[in-house]
Amino acid sequence: MGLMLFPGDNDVASPDVSWSYTGFGMFRKWLAQAEGFTLTEMNGFGGERQWRSVSTSLAPLLNHPDDDGPDLTPARCAAMLPRLEAILGPAAV
């Protein structure tokens, strides 16, 4: 089992990524750290901290169910893209 993120635009040359659930969990922990908090402190990840206490455009991705959540809308993904690009830096763009 695993997880795949892709634009859903039927462009086979577009960026896609796939991880095992473990790999995706590691990616989310890394993103949370880049945003200045620890994912395991958050509600739903073993902690008590509420999501409304963090300010990040990445919250829809970080607080999304691994296995049966709704698809992230194109608008939500577009809103997260600038922050993801900023975290990854100019080499990734």
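Helices and strands are taken here as DSSP runs, numbered from the N terminus, with at least four residues for a helix and at least two for a strand. On that basis, this predicted model reads β-β-α-α-α along the sequence. That comes to three helices and two strands in the chain.

A few overall figures set the scene. The chain has 93 residues, and 25% of them are buried. Its exposed surface is about 6400 Å², with 55% of that supplied by carbon and sulfur atoms. Among contacts between residues with a separation of 6 or more, 28% link residues 24 or more positions apart.

Next comes the way two of the helices meet. Two packed helices are described by the angle between their axes and by the distance between those axes. Helix α1 covers residues 21-34 and helix α3 covers residues 74-88; their axes come within 11 Å and cross at roughly 85°. Angles of 65 to 115 degrees count as roughly perpendicular, and α1 and α3 are therefore roughly perpendicular to each other. On the α1 side the contact is made by W30, L31 and A34, while α3 brings in R83, L84, I87 and L88. Sorted by class, the residues of this α1 and α3 contact are six nonpolar and one charged, with no polar ones.

A34 gives a closer look at that meeting point. This residue of helix α1 touches R83 and I87, once residues up to four places away in sequence are set aside. A34 and I87 sit 53 residues apart in sequence, yet their C-alpha atoms are 7.2 Å apart in space. A34 has a relative accessible area of 37%, so it counts as partly exposed.

R28 is also part of helix α1, and what is its relative accessibility? The value is just 3%, so R28 counts as buried. Its side chain reaches the backbone oxygen of H64 at 2.7 Å. H64 is also one of the residues that R28 touches, along with L39, F45, L61, L62 and D66, not counting residues up to four places away in sequence.

The loop between α1 and α2 deserves a stop too. V54 has its place in this loop, which is followed by α2 at residues 59-62. V54 has a relative accessibility of 14%, and because buried means under 20%, the residue falls in that class. Leaving aside neighbours within four places in sequence, V54 is in contact with F37, M42 and R49. The C-alpha atoms of V54 and A32 are separated by 9.9 Å, with their positions 22 residues apart along the chain.

T56 is found in the loop between α1 and α2 as well. Is T56 buried or exposed? With a relative accessible area of 13%, T56 is buried. A polar atom of the T56 side chain lies 3.0 Å from the backbone nitrogen of L58. Beyond its neighbours within four places in sequence, T56 is in contact with E35, F37 and L62. F37 thus turns up in the contacts of V54 and in those of T56. In a similar way, L62 is touched by R28 of helix α1 and is in contact with T56 of the loop.

Definitions and conventions:
Residues are numbered from 1 along each chain as its sequence is written. This is a predicted model: local features need pLDDT of at least 70, side-chain atom pairs count only at pLDDT 80 or more; totals for chains, interfaces and linings use all residues. Side-chain values use heavy atoms; hydrogens and water are left out. Axes are lines fitted to C-alpha atoms, for helices over the stretch in contact, and angles run from 0 to 180 degrees between N-to-C directions. Angles under 35 degrees count as roughly parallel, over 145 as roughly antiparallel, 65 to 115 as roughly perpendicular and the rest as oblique. Contact means heavy atoms within 4.5 Å. Ala, Val, Leu, Ile, Met, Phe, Trp, Tyr, Cys and Pro count as nonpolar, Asp, Glu, Lys and Arg as charged, and the others, Gly among them, as polar. Buried means under 20% relative accessible area, exposed over 50%, partly exposed in between (1.4 Å probe, protein chains only). A polar contact is a pair of N or O atoms within 3.5 Å; within protein, one must be able to donate a hydrogen and the other to accept it, and residues adjacent in sequence count only if both atoms are side-chain atoms. Accessible areas come from the Shrake-Rupley method with a 1.4 Å probe; for residues, only the protein chains shown count as cover.
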